[in-house]
Amino acid sequence: PRPPRWQTEWRQSHVAAPQTPPSPAGPALVLDAPRDRLQAATGPADFEAWTDGACVPNPGPGGFGAVIVDCKSGAQTEIQGAIRQTTNNRAELEAVIAALRSLPRGARVEVVTDSRYVMEPVRTGAIEKVRRLGWKRKNSELINSDLWRLLYAEVEARAVSWRWVRGHTGVALNERADRLAERAAARARFL
């Protein structure tokens, strides 16, 4: 039987597949593309998407930010959005969804995030189980199921690999995505 699309392996970046060069940004964890899509994900990523979400207070006004790097040309694009009422977890999900939506279907994308909330369901395969159960957990609705559905659809349309970085440690593009999210959250107070 075929493994689920979201089945993945978790490993240190220094033992990552050759298509993921060591990041000058420092140590990170790498989450490989789903097994049945590894063929499409071989070779270097077309894009890196550095994402972050913010919400102060939580819940309250929030925002998300992303820095998209075209790996071929080096060009960088910033994306941000303000959300009048949200939570930090929802803002983190919104950031990844917005970043993926900005990229062409079929693209090879490395999503870089400091959110374990976004990565853990992918890493453990829990998102696939929840999808099969109709986006429910045991006897209750999955929290943020609307956004998990959107994320699932966007990931399915691309060859996505994941990298986790620790937030607020001076990793330049992660800090830049954080600043974009914080600025968007500040604007959200006036929506």
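Buried means under 20% relative accessible area, exposed over 50% and partly exposed in between, with a 1.4 Å probe and protein chains only. Helices (H or I, at least four residues) and strands (E, at least two) are DSSP runs, numbered from the N terminus.

**View 1. Strand E9 is mostly covered.** Strand E9 spans residues 159-164, and six of its six residues are buried. Ala159, Ser161 and Arg163 point one way from E9. Val160, Trp162 and Trp164 point the other way. Strand E6 (residues 108-113) runs parallel to E9, and six bridges join them. Two strands pair if DSSP finds at least two bridges between them. Arg108 has Ala159 in E9 as its bridge partner.

**View 2. Confidence varies along this predicted model.** This is a predicted model: local features need pLDDT of at least 70, side-chain atom pairs count only at pLDDT 80 or more, and totals for chains, interfaces and linings use all residues. Residues are numbered from 1 along each chain as its sequence is written, and side-chain values use heavy atoms, with hydrogens and water left out. The predictor's confidence in each residue is its pLDDT, from 0 to 100. The protein chain averages 82, and 77% of the residues score at least 70. Among the elements, helix H2 (residues 88-101) has the highest mean pLDDT, 98, and strand E1 (residues 10-12) the lowest, 28. Over residues 1-41 the pLDDT is below 50. This stretch still has 87 contacts in the model beyond near neighbours in sequence; contact means heavy atoms within 4.5 Å. Where pLDDT is low, the predicted coordinates should not be read in detail.

**View 3. Helix H2 feeds the largest nonpolar core.** A nonpolar core is a set of buried Ala, Val, Leu, Ile, Met, Phe, Trp, Tyr and Cys residues joined through side-chain atoms within 4.5 Å. The largest one has 33 residues. Ile68, Leu100, Leu151 and Trp162 have the most contacts inside it. H2 gives the most to this core, with seven residues. The buried residues of H2 include Leu93, Val96, Ile97 and Leu100. Beyond its neighbours within four places in sequence, Leu100 contacts Val109, Val111, Leu151, Glu154, Val155, Arg158 and Val160. A second, separate core has nine residues, among them Val69, Val112, Val165 and Leu180.

**View 4. Helix H6 packs against three strands.** H6 covers residues 172-188. Its buried residues include Leu173, Ala177, Leu180 and Ala184. They pack against strands E3 (47-55), E4 (60-70) and E5 (76-86). H6 reaches 24 Å from its first C-alpha to its last, close to the 24 Å expected. The expected span is 1.5 Å times one less than the number of residues.

**View 5. The structure holds two aromatic pairs.** Rings of Phe, Tyr and Trp (its six-membered ring) pair if their centres lie within 6.5 Å; planes under 30 degrees apart count as stacked, over 60 as edge-to-face and the rest as tilted. Tyr117 and Trp148 have ring centres 5.5 Å apart and planes at 55°, so this pair is tilted. Tyr117 lies in helix H3 (residues 116-124) and Trp148 in helix H5 (residues 145-156), so the pair ties together parts 31 residues apart in sequence. Tyr117 is partly exposed at 27% relative accessibility, whereas Trp148 is buried at 3%. Trp135 and Tyr152 are edge-to-face, at 5.9 Å centre to centre and 80° between the planes. Trp135 sits in the loop between helix H4 (126-132) and strand E7 (136-137), and Tyr152 in helix H5. Trp135 is buried, with a relative accessible area of 10%.
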